[in-house]
Structures are given as C-alpha cells and as structure tokens.
Amino acid sequence: MFKTYKLTEDPATLKKLVDALQKNYDIRTRGTEVHVSDLVQICLREQGFRRVMPKPITEFTAFYFLLGEACHIAAQKLIDGVKTEVVVKTADKKVQGHVDMVLNLTGTPVEVKTSTARIRFVAQHYITQLMYYMVMLNKRKGHLLYFWLSQGRLPTDPKGTLRSPSFGMYEVTITDLEFATIKADINNKSKLFSKATAEYETGGIGALQQLPAAKFDETKAFKCNSCKYVTECNSID
Ligand code: SF4
C-alpha cells in the first residue's frame with residue numbers, strides 16, 4: 001500500500017484541548033468555600049496564593065490532572081458497592097470536601113490516588129486528607145486506593161525487587177485522641193485560611209504571610225522547587 005497521508009504534530013488543536021482542561025481545573029480548584037483539599041496540601045501558603053492569585057496550569061500539570069481524573073472516574077464507575085463523590089461538610093458548614101468513594105457496607109471513606117513515584121511511599125498529605133474525611137464522616141477507619149502508575153520499589157526494599165504498575169490498598173485507623181486532634185486541626189487551619197484570603201482583599205499579598213510556608217520546614221522545602229509563587233512568597237518574608 002502506498003503511503004499517501006501526512007502525519008504531523010498539531011500543537012494548535014492540542015492547545016485548544018489543554019485550554020478546555022484548564023477551565024475544568026479552575027472550576028475544581030477555585031471558589032470562595034474552604035475545601036479539604038486546600039487544607040491538606042504540603043504548603044498552606046501556596047494554596048492561599050492559588051486561591052487569590054490563580055495562574056494558568058502548564059501542559060505538564062494538565063496531563064497529570066487528566067490522568068488522575070481518568071483513574072478516579074474509572075474506579076468510581078467500575079467498582080460496585082460504593083457511593084461516589086460524596087459531599088461532606090463540617091458541623092458549622094464552613095469546610096467541605098468531596099470523598100471519592102464511601103463503602104455502602106461500612107460507611108467508611110475510600111480516597112483514590114495516582115502516583116508515578118519510583119519508591120512507593122504513601123504520601124503523608126494524602127493520609128491527612130483521608131483522616132479529615134474520616135472525621136467529617138464520624139469514622140475511625142478509612143482506605144486509600146493507590147494506582148501506582150510506574151514500575152517501583154517498596155520503601156522497605158528501596159534497592160530490591162522492581163514491581164510492575166499495580167494497585168495498592170491501605171487501611172488507616174485512628175484513635176479517639178487522634179480524632180479529636182484532627183477535628184481541632186480542621187477548625188484551626190480553615191479559620192486561618194479564611195482569614196488570610198479575606199484579608200488579602202484589603203491588605204494585599206502581605207496577608208498571606210500568616211499562612212505556614214513549606215520553605216521553613218526542611219522536610220517540606222522541596223515543594224518550593226516546583227512552586228509558581230516563589231517570587232511572591234519571598235517578597236513577603
Ligand atoms: S515558595 Fe515554597 S513556601 Fe512559598 S508558597 Fe511556594 S511552596 Fe510555599
């Protein structure tokens with residue numbers, strides 16, 4: 001068969017799709033309410049910047065956003081015995097969250113995550129997010145469903161067997177004391193976040209100085225390497 005067709009890259013059409021994806025991303029990450037996802041990220045100050053000074057996402061971010069959404073939607077569609085996208089609110093209705101799945105039998109939350117990490121650490125901020133949902137649902141138990149998208153090794157065997165892309169399911173349980181601590185944490189962080197973002201309207205960028213910054217914590221400072229707000233953040237300290 002003669003090859004008569006032409007195959008060329010088409011960045012113009014790709015841009016249209018990425019722009020459309022950006023709109024969807026904006027709807028999910030902006031607004032005036034405080035979301036659980038605002039409070040559990042590695043840097044609360046970055047979340048404050050994202051709220052008051054939103055910037056366009058890169059094609060790289062759009063790609064992983066789409067990949068994450070694809071896994072969420074597929075899991076929610078294909079797994080029976082669960083309610084999906086369950087909206088939860090704190091008693092004072094000031095913080096809300098969308099739980100990926102809640103098991104019908106036990107009412108416990110399941111948070112779905114994707115990761116391309118080569119060492120399969122379960123990220124602390126994902127555990128925190130799940131624990132927030134557990135408290136908001138008045139549960140002491142919850143689950144994290146991971147999609148490990150790359151080949152990787154266990155943290156206990158960092159030079160050992162390379163495992164194929166696969167699922168991981170993890171159970172998290174908390175004590176009554178932890179439950180009370182997390183409840184207080186949601187309350188304190190949400191008040192601080194609301195105050196700082198509201199004060200930005202009158203006081204400008206300096207209002208965000210009151211939000212804890214990853215750069216002052218050596219275990220979290222790596223976050224600054226990929227942050228779009230480095231210049232603004234350094235200007236207020
Ligand atoms: S530069 Fe670092 S500390 Fe500042 S907002 Fe970004 S991630 Fe947070």
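Okay, let's start at the ligand. There are 13 residues around it, and the closest are C43, A213, C224, C227 and C233. Keep in mind as we go that this is a predicted model.

So what kind of shell is it? By class, we get nine nonpolar residues, four charged ones and no polar ones. Two helices, α3, residues 44–52, and α7, residues 230–235, each put in at least two residues. The largest share of the shell is from α3, with three residues.

Let me stay with one of those cysteines for a moment. C227 sits in the loop that runs between α6 and α7. Is C227 buried, exposed or partly exposed? It has 19 C-beta neighbours inside 10 Å, and a residue needs 20 or more to be called buried, so C227 counts as partly exposed. If you want a sense of distance, take Q151: 76 residues away from C227 in sequence, and 26 Å away in space, C-alpha to C-alpha.

Now back to α3. Seven of its nine residues are buried, so this helix is largely enclosed by the rest of the structure. The buried ones are L44, R45, E46, Q47, G48, F49 and R51. And what do they pack against? That would be α2, α6 and α7. So α7 turns up twice in this story, packing against the buried residues of α3 and supplying residues to the ligand shell.

Next, the core. As a reminder, nonpolar side chains in soluble globular proteins tend to be buried together. Here the largest nonpolar core has 31 residues, and the ones touching the most other members are V36, L39, Y132, Y133 and V135. Contributions of at least two residues each come from α2 (36–39), α3, β3 (95–103), β4 (109–115), α5 (124–136), β5 and α6 (176–203). The top contributor is α5, which gives seven residues.

Have a look at V135 in particular. Setting aside neighbours within four places in sequence, V135 is in contact with F179, I182, K183 and I186. On a helix with 3.6 residues a turn, residues three or four places apart point the same way.

Last stop, the strands. β5, residues 141–148, runs antiparallel to β6, and eight bridges join the two. If you'd like one pair to find on screen, go to L144, whose bridge partner in β6 is Y170. How many of the eight residues in β6, 166–173, are buried? Zero, so that strand lies largely in the open. Put that beside α3, where seven of nine are buried.

That's my tour, happy to take questions.

Conventions
Residues are numbered from 1 along each chain as its sequence is written. This is a predicted model: local features need pLDDT of at least 70, side-chain atom pairs count only at pLDDT 80 or more; totals for chains, interfaces and linings use all residues. A residue is near a molecule or strand if its C-beta atom, placed from the backbone, lies within 6 Å of it. Helices (H or I, at least four residues) and strands (E, at least two) are DSSP runs, numbered from the N terminus. Ala, Val, Leu, Ile, Met, Phe, Trp, Tyr, Cys and Pro count as nonpolar, Asp, Glu, Lys and Arg as charged, and the others, Gly among them, as polar. A residue is buried if 20 or more other C-beta atoms lie within 10 Å of its own, exposed if 12 or fewer, and partly exposed in between; C-beta atoms are placed from the backbone. Two strands pair if DSSP finds at least two bridges between them. A nonpolar core is a set of buried Ala, Val, Leu, Ile, Met, Phe, Trp, Tyr and Cys residues joined through C-beta atoms within 7 Å. Two residues are in contact if their C-beta atoms, placed from the backbone, lie within 7 Å.
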